[in-house]
Amino acid sequence: MRKSILALAMLWMASAQNTQAQTKIVGEIVDGNPVLTMNKAEMLRLYNMNLLKFTGIDGQFTDASIKPAGTGNYVLLFTGKTCRSALALVNNGGKLAPSGISCTTTDCSSEPHGCEVTYGTGPDAGTVYCSPCSNGGKCTKTSTSTSLLD
């Protein structure tokens with residue numbers, strides 16, 4: 001019995017370490033500011049590939065940066081010539097990991113607040129929304145069970 005419990009405990013610890021190793025960290029908060037830590041070229045390659053795979057949107061993104069999105073929340077903002085996409089990030093003790101939720105547009109990519117990731121508050125805390133384009137343009141919300149950077 002004691003050996004079985006020890007074996008189960010060791011198996012649980014190994015699986016927990018494996019899960020942590022699989023969590024991709026794209027940035028961290030340093031002195032109150034978000035800092036990108038993942039290789040940008042690889043990040044752009046993965047995001048372009050996965051967004052096309054899941055939505056059919058060929059964003060052709062050429063830059064990525066972390067931006068604040070409300071109190072303690074952040075997004076990874078991808079920009080291209082005509083397309084912009086914001087990927088919601090999970091803040092886990094100052095380590096920023098990608099989620100499977102993004103908001104993408106070509107219709108209002110130059111608007112400062114159109115088609116952005118917004119985080120619910122109060123009873124909607126934990127819910128992620130896409131803000132509408134002020135010009136009435138299309139904003140595509142993508143929601144996957146895995147990170148869009150895997």
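In this predicted model, C103 stands opposite K141 in strand β9. That pairing is a convenient way into the fold, as it belongs to the contact between β6 and β9 (residues 140–143), two strands that run antiparallel and share 4 bridges.

Strand β6 has further partners. With β5 (residues 84–92), β6 pairs in the antiparallel sense over 8 bridges, and N92 is the residue that stands opposite K95 of β6. The two strands β5 and β6 form a hairpin with 2 residues between them; in this turn, G93 adopts a positive phi of about 65°. Strand β1 (residues 27–30) also pairs with β6, again in the antiparallel sense, here over 2 bridges. Within this pairing, E28 is found opposite K95, the β6 residue that N92 of β5 also stands opposite. With burial taken as under 20% relative accessible area, 10 of the 11 residues of β6 (residues 95–105) are buried, so this strand is largely enclosed by the rest of the structure. As a reminder for reading such a strand, side chains in a regular strand alternate between the two faces of the sheet.

Attention now turns to the nonpolar interior. The largest nonpolar core contains 20 residues, of which M43, Y47, L76, F78 and L149 touch the most other members. Helix α2 (40–55) and the strands β3 (61–68), β4 (74–80) and β5 each contribute at least two residues to this core. The largest share, 5 residues, is that of α2. A second core, lying apart from this one, has 13 residues, including A69, V75, I101 and V128.

The surroundings of F78 are worth a closer look. Leaving aside residues up to four places away in sequence, F78 touches M43, L44, Y47, F61, D63, A64, C83, R84, S85, L87 and L149. Three of these names, M43, Y47 and L149, also appear with F78 among the core residues that touch the most other members.

At the level of the whole chain, the secondary structure amounts to 2 helices and 9 strands. Read from the N terminus, the elements follow the order α-β-β-α-β-β-β-β-β-β-β. Of the 150 residues in the protein chain, 37% are buried. Among contacts with a separation of 6 or more, 47% involve residues 24 or more positions apart. Finally, the protein chain exposes about 8900 Å², with carbon and sulfur atoms supplying 56% of that area.

How values were computed
Residues numbered from 1 in each chain as written. Predicted model: local features only at pLDDT ≥ 70, side-chain atom pairs only at ≥ 80, totals over all residues. Heavy atoms only, no water. Buried < 20%, exposed > 50% of the residue type's maximum accessible area, 1.4 Å probe, protein only. Pairing = 2+ DSSP bridges. Core = buried A, V, L, I, M, F, W, Y, C linked by side-chain atoms within 4.5 Å. Contact = heavy atoms within 4.5 Å. Areas by Shrake-Rupley, 256 points an atom, 1.4 Å probe, with all protein chains shown as cover.
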